[in-house]
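Open the model in your viewer and keep the sequence panel visible. The stops below go from one residue to the helices and cores around it, and then further out.

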Amino acid sequence: MAWQIKSDFWKKHGIVTIALAVIFSTIIFTNMPKLVEFFKVVKSGDYSVLPQVRQSGNYILSSVSREELTRDAIIILTNNARAVNGLPPLAGNKLLNSIAESRAKDMLEKQYFAHVSPTGQQASDIAQSIGYHYKIIAENIGSGDFYTNQKIVDGWMQSPGHRDNILSTEVQEIGAAVLKGKMKGVETYITVQIFGLQSLPVTQNICVAPSSNLAHDIEIKKAEMESLRDQINRLKQELDTEQESIETDRKYTYDNAEKIQKLNEKINAFNEKSRWYNRIVGEAKAKSDVTQSMVNEYNRILQIYNDCRASHDIRD
């Protein structure tokens, strides 16, 4: 009786059962590599060992940085834009560079972004104070997180007013500045362009002496430079002493972890002071260039004054 039931079952369901068995076997063998891999992953409890970072006092690790943003690059790219539009290049002018830098610093210090300072000062006022005699003066300003110099110039070229200044046929000289600082608590680059056309000397019978204000400003700049020189000399002496100490300590670390750590701390402090020293040296050079331009302008006016007096036979 039992055999009869089994026989009836196979008659009714045998083909279906065999077909299911074949399909199931196919699935198992088809996915076997994945199942084996799965069990390999589950079974393994090992991790790749990351190599330790060895401390070194010889190098400073540098982070990935954006393109260096500079006044020279901005002036070059501005002249490129003028060339594309069939215009002659603008000549760089150190006094205009000084005006641009003063404007950028003022915006960061006073936390505003406009062509006129909260004190009412603007580019034309600075031009007069440093002896840039202009017939035309114009300004472009920019603010943002710029990654390339081209991005700065492109932004101005896409703004009608700024584009007009860049492509002006009336100006002949240019100055620029790029400064990084915090604006409303956010790291920001302030960029400034100053365009100028100097006024021609006016022929007149009255001889005009150099401005006393210009002479006064030159003396102030000289005092500032003297202060920077003292600071530079002091820092250099400190750096020389610290470097000598570091070189001595480097010879006697003997792979001692504590000594290496202390040496690295010394090196980090030395590197930070070196950066500060380089910044001050750069600032001193910039001030020196501006001061020299002011002196040259003073001497030029003085020569014109003396020639005028001689031609009119004016005597003291």
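Does Ser117 count as buried or exposed? Select Ser117 in this predicted model. The residue sits in the loop between α4 and α5. Its relative accessibility is 4%, and Ser117 therefore counts as buried, the cut-off being under 20%.

**Around Ser117**

Show the side chains that touch Ser117. Leaving aside neighbours within four places in sequence, Ser117 is in contact with Asp106, Lys110 and Tyr112. Now add Met107, which is 10 residues from Ser117 along the chain; the C-alpha atoms of the two are separated by 7.3 Å.

Stay on Met107 and display its contacts. Not counting residues up to four places away in sequence, Met107 touches Tyr112, Phe113, Ala114, Ile141, Met183, Ile190 and Val192.

**The whole chain**

Zoom out and colour by secondary structure. The protein chain has nine helices and four strands. From the N terminus the order is α-α-α-β-α-α-β-α-α-β-β-α-α. The chain has 316 residues, of which 31% count as buried. Of the contacts between residues at least 6 apart in sequence, 76% join residues at least 24 apart.

**The largest core**

Which residues have the most contacts inside the largest nonpolar core? Select Ile99, Met107, Ile190, Val192, Ile194 and Met294; these are the ones, in a core of 24 residues. The elements that supply two or more residues to this core are α4, α5, β3 (173-183), β4 (186-198), α8 (212-251) and α9 (257-311). Helix α4 gives the largest share, seven residues.

Another core, of 21 residues, lies apart from this one. To find it, select Ile74, Ile75, Trp156 and Ile166, which are among its members.

**Helix α4 against α5**

Return to α4 (residues 94-110) and show it with α5 (residues 123-130). The two axes come within 10 Å and cross at roughly 130 degrees. The pair is therefore oblique, and the crossing is right-handed. To see the contact, select Leu95, Ser98, Ile99, Ser102 and Arg103 on α4, with Ala123, Ile126, Ala127 and Ile130 on α5. By class, these residues are six nonpolar, two polar and one charged. Ile99 also appears in the list of residues with the most contacts inside the largest core.

**Helix α4 against α9**

Keep α4 on screen, hide α5 and bring up α9. What is the angle between α4 and α9? The two helices pack at about 130 degrees, with their axes 9 Å apart. That makes α4 oblique to α9. The crossing of α4 past α9 is left-handed. Lys94, Leu95 and Ser98 of α4 make the contact with Asp289, Val290, Ser293 and Met294 of α9. The classes here are three nonpolar, two polar and two charged residues. Leu95 and Ser98 are also listed in the contact of α4 with α5, and Met294 is listed among the residues with the most contacts inside the largest core.

**Helix α3 against α6**

Move to α3 (residues 71-84) and α6 (residues 149-157). Their axes are 9 Å apart, and the helices pack at an angle of about 45 degrees. These helices are therefore oblique to each other, and α3 passes α6 in a right-handed crossing. On the α3 side, select Ala73, Ile74, Leu77, Thr78 and Ala81; on the α6 side, select Asn149, Gln150, Ile152, Val153, Trp156 and Met157. The contact divides into eight nonpolar, three polar and no charged residues. Ile74 and Trp156 belong to the core of 21 residues.

**Two loop residues with positive phi**

Finish with the backbone. Select Gln111, found in the loop between α4 and α5. Gln111 has a positive phi of about 55 degrees, although it is not a glycine. The residue is partly exposed, at a relative accessible area of 25%.

Then select Lys184, in the loop between β3 and β4. Lys184 is not a glycine either, and has a positive phi of about 55 degrees. How does Lys184 count, buried or exposed? At 63% relative accessibility, Lys184 counts as exposed.

Note on methods
Residues numbered from 1 in each chain as written. Predicted model: local features only at pLDDT ≥ 70, side-chain atom pairs only at ≥ 80, totals over all residues. Heavy atoms only, no water. Axes fitted to C-alpha atoms, helices over the stretch in contact; angles between N-to-C directions. Parallel < 35°, antiparallel > 145°, perpendicular 65-115°, else oblique. Left-handed = near helix turned anticlockwise from the far one by under 90°. Contact = heavy atoms within 4.5 Å. Nonpolar A, V, L, I, M, F, W, Y, C, P; charged D, E, K, R; others polar. Core = buried A, V, L, I, M, F, W, Y, C linked by side-chain atoms within 4.5 Å. Buried < 20%, exposed > 50% of the residue type's maximum accessible area, 1.4 Å probe, protein only.
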